[in-house]
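Colleague: Got a minute to go through this one with me? I'd like to start with the inside and work outwards.

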Amino acid sequence: MADNPSQDLRRTMRAPAAFEVFYRRHAERVSRFVARRMTDPHTVDDLTTEVFLAAIDTAATYRPDRGSEEA
């Protein structure tokens, strides 16, 4: 992410094509994280979806000085 990671992430969450790239880059890692804590694969899928919905909802408050977009 370029000069302003915070602004870039906000744009990413509003642009379908950019969000798809973001999702594909992070979905497997998020899903594995959830799967280490849950045993039901349907719950894993639901919670992974919830993580990305939360990322969309909170993109405007993202602060790169507090951690990477992966965090």
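Modeller: What follows covers the core, the aromatic residues, the largest pocket and one exposed residue. Keep in mind that this is a predicted model.

Colleague: Which residues make up the largest nonpolar core?

Modeller: There are 11 residues in all: Leu-9, Met-13, Phe-19, Phe-22, Ala-27, Val-30, Val-34, Val-44, Phe-52, Ala-59 and Tyr-62. Helices H1, H2 and H3 each supply at least two residues of this core. H2 gives the largest share, 5 residues.

Colleague: Is there a general reason why nonpolar side chains end up together?

Modeller: In soluble globular proteins, nonpolar side chains tend to be buried together.

Colleague: On to the rings. How many aromatic pairs are there?

Modeller: The count comes to 5 aromatic pairs. One of them is Phe-19 with Tyr-23, a tilted pair at 6.3 Å centre to centre, with 35° between the planes.

Colleague: Why tilted, rather than stacked or edge-to-face?

Modeller: Planes under 30 degrees apart count as stacked and those over 60 as edge-to-face, so the 35° between Phe-19 and Tyr-23 makes the pair tilted.

Colleague: Where do Phe-19 and Tyr-23 lie?

Modeller: Both are in helix H2, 4 residues apart, which is about one turn of the helix.

Colleague: And is Phe-19 buried or exposed?

Modeller: Phe-19 has 18% relative accessibility, so it counts as buried. Tyr-23 is partly exposed, because its relative accessible area is 35% and the partly exposed range runs between 20% and 50%.

Colleague: Which residues form the aromatic cluster with those two?

Modeller: Phe-22 and Phe-52 join Phe-19 and Tyr-23 in one aromatic cluster.

Colleague: What lies over the face of Phe-33?

Modeller: Arg-37 does, at 3.7 Å from the ring centre.

Colleague: Switching to pockets. What is the volume of the largest pocket?

Modeller: About 370 Å³. Its lining has 19 residues, and those nearest the centre are Phe-22, Ala-55, Glu-69, Glu-70 and Ala-71.

Colleague: How do the lining residues divide by type?

Modeller: The lining of the largest pocket has 12 nonpolar, 4 polar and 3 charged residues.

Colleague: Which helices supply the lining?

Modeller: Helix H1 (5–14), helix H2 (16–35) and helix H3 (41–58) each supply at least two of its residues.

Colleague: Last one. Is Arg-24 buried or exposed?

Modeller: Arg-24, found in helix H2, counts as exposed because its relative accessibility is 63%. Between Arg-24 and His-42 there are 19 Å in space, C-alpha to C-alpha, and the two are 18 residues apart in sequence.

Note on methods:
Residues are numbered from 1 along each chain as its sequence is written. This is a predicted model: local features need pLDDT of at least 70, side-chain atom pairs count only at pLDDT 80 or more; totals for chains, interfaces and linings use all residues. Side-chain values use heavy atoms; hydrogens and water are left out. On a 1 Å grid over the protein atoms alone, a cavity is a set of points where a 1.4 Å probe fits but cannot get out, and a pocket is an open set with protein on both sides within 12 Å along at least five of seven lines; lining residues have an atom within 4 Å of a point. Grid points are joined across faces, edges and corners, and a volume is the space filled by probe spheres set on the points. Ala, Val, Leu, Ile, Met, Phe, Trp, Tyr, Cys and Pro count as nonpolar, Asp, Glu, Lys and Arg as charged, and the others, Gly among them, as polar. Rings of Phe, Tyr and Trp (its six-membered ring) pair if their centres lie within 6.5 Å; planes under 30 degrees apart count as stacked, over 60 as edge-to-face and the rest as tilted. Buried means under 20% relative accessible area, exposed over 50%, partly exposed in between (1.4 Å probe, protein chains only). A charge sits over a ring if NZ of Lys or CZ of Arg is within 6 Å of the ring centre and within 35 degrees of the ring normal. A nonpolar core is a set of buried Ala, Val, Leu, Ile, Met, Phe, Trp, Tyr and Cys residues joined through side-chain atoms within 4.5 Å.
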